[in-house]
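Student: I have just opened this structure and would like some guidance. Could we go through it together?

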Amino acid sequence: MEFSSRIKLTGKQFFVLTGIVGARAVIGLEDPFRGTLAEEMPAEVARIEQELLEEGLIVTDTVDNEPVLAQELLEYIEVCSRTLLTIHMRVTGSEGEPKECFIYYSSALVVKSEIESGPSGERIYVLEELGTPSEAWLKIIGYLQLEDRKNRGTGPLALPKGWFQQWMNAEQGEQEPQRHLLAQGYPESVVTALADSVSSPERYASFTVYYCPDLNCRIQGIELLRGKDSNWLIRPEGDQDQIRGAQVTEIIHELGAVIERIK
């Protein structure tokens, strides 16, 4: 069959495919069979396998009469299933719809699973290769759409953990984070610039790295905020969120450091 390098799968299809290759867990793949009774599972899995057969994504082994994956798809699914390193990204901006994807690394190939919404609101997984790790890294930076802004060089500002997200979501009292920062002695010009970015963000992204040897998952994350005049890095440190202005080169360095810290 002619195999597309970009393929859409329902959650159930993706789940069954990972089961065929013997995966124990895949970061980012929600259990689409939650609530299905144990006695219903064999028939449900058989139905999904029939869908995959009809779409040419699996074939029946002529010797063992067991389903096997088409070769190129097998490579994709094995990268997703066997990887130690996964990156989760959410990106939102005023110019378009929010985007979410999981990026799975192997030493030779990187596969992206972009999350879309199906006709009934179900999660659709769009698998696509990003090339080698070095090629993939350039594409990841491109997805974030970083642009140069001022580096205010003030050192980090600190908010109680979780306040920044509440501020972004307007759950925190509108002036409370500003008052808190000013009370800590941070310059008013810096606090005002941060507040302007929070109230009118051009782009926001969360970048979370999962490193899972033997299902013992270690997690590191960072958030990025691009305002009209400033870029901001937000990194959890203990019971605080550390926030600082940064230029693009510093942001790229920090993203790489998040990956290195976790290994």
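Tutor: The discussion below goes from the overall fold to a helix pair, the cysteines and two strand residues.

Student: What kind of model is this?

Tutor: This is a predicted model.

Student: How many helices and strands does the protein have?

Tutor: The protein contains eight helices and twelve strands. Its C-alpha trace extends over about 75 × 40 × 35 Å along the principal axes.

Student: And what share of the residues is buried?

Tutor: Of the 263 residues in the protein, 44% count as buried. The accessible surface amounts to about 13,700 Å², and carbon and sulfur atoms hold 48% of that surface.

Student: What part of the contacts comes from residues 24 or more positions apart?

Tutor: Among contacts with a separation of 6 or more, 59% are between residues 24 or more positions apart.

Student: Let us turn to the helices. At what angle do α1 and α3 cross?

Tutor: Helix α1 (residues 11-20) and helix α3 (residues 71-82) have axes that come within 10 Å and cross at roughly 85°. The two helices are therefore roughly perpendicular to each other. On the α1 side, the contact is made by Phe14, Leu17 and Thr18, and on the α3 side by Leu73, Ile77, Cys80 and Ser81.

Student: How do the residues of that contact divide into nonpolar, polar and charged?

Tutor: In the contact of α1 with α3, five residues are nonpolar, two are polar and none is charged.

Student: Which residues of α1 are buried?

Tutor: The buried residues in α1 are Gly11, Gln13, Phe14, Val16, Leu17 and Thr18. Three of these names, Phe14, Leu17 and Thr18, also appear in the contact with α3.

Student: What about the spacing of such residues on a helix?

Tutor: An α-helix has 3.6 residues a turn, so residues three or four places apart point the same way.

Student: What follows α1?

Tutor: Gly22 follows α1, and its phi is positive, near 85°.

Student: New topic: which cysteines does a disulfide join?

Tutor: Cys212 and Cys217 are joined by a disulfide, with an S to S distance of 2.4 Å. The count of disulfides comes to one.

Student: Is Cys212 buried or exposed, and what about Cys217?

Tutor: Cys212 counts as buried because its relative accessibility is 13%, and the cut-off for buried is under 20%. Cys217 has a relative accessible area of 32%, so it is partly exposed.

Student: Where does that leave Cys80?

Tutor: Cys80 is in no disulfide, and the nearest cysteine sulfur, that of Cys101, is 12 Å away. A disulfide needs the two sulfur atoms within 2.5 Å, so this pair does not qualify. Cys80 is buried, with a relative accessible area of 2%. Cys101 is also in no disulfide, and at 8% relative accessibility Cys101 counts as buried.

Student: Which residues does Ser113 touch?

Tutor: Ser113 lies in strand β6 (residues 110-117). Not counting residues up to four places away in sequence, Ser113 touches Phe14, Glu100, Cys101, Phe102, Tyr104, Tyr125, Val126 and Leu127. Ser113 counts as buried, at 1% relative accessibility.

Student: Last one: where does Ile243 lie?

Tutor: Ile243 belongs to strand β12 (residues 240-245). Ile243 is buried, with a relative accessible area of 0%.

Student: And what is Ile243 in contact with?

Tutor: Leaving aside neighbours within four places in sequence, the contacts of Ile243 include Gly155, Pro156, Leu157, Phe164, Leu194 and Trp232. The C-alpha atoms of Ile243 and Pro156 are separated by 5.2 Å, although the two residues are 87 residues apart along the chain.

Note on methods: Residues are numbered from 1 along each chain as its sequence is written. This is a predicted model: local features need pLDDT of at least 70, side-chain atom pairs count only at pLDDT 80 or more; totals for chains, interfaces and linings use all residues. Side-chain values use heavy atoms; hydrogens and water are left out. Axes are lines fitted to C-alpha atoms, for helices over the stretch in contact, and angles run from 0 to 180 degrees between N-to-C directions. Helices (H or I, at least four residues) and strands (E, at least two) are DSSP runs, numbered from the N terminus. Angles under 35 degrees count as roughly parallel, over 145 as roughly antiparallel, 65 to 115 as roughly perpendicular and the rest as oblique. Contact means heavy atoms within 4.5 Å. Ala, Val, Leu, Ile, Met, Phe, Trp, Tyr, Cys and Pro count as nonpolar, Asp, Glu, Lys and Arg as charged, and the others, Gly among them, as polar. Buried means under 20% relative accessible area, exposed over 50%, partly exposed in between (1.4 Å probe, protein chains only). Accessible areas come from the Shrake-Rupley method with a 1.4 Å probe; for residues, only the protein chains shown count as cover.
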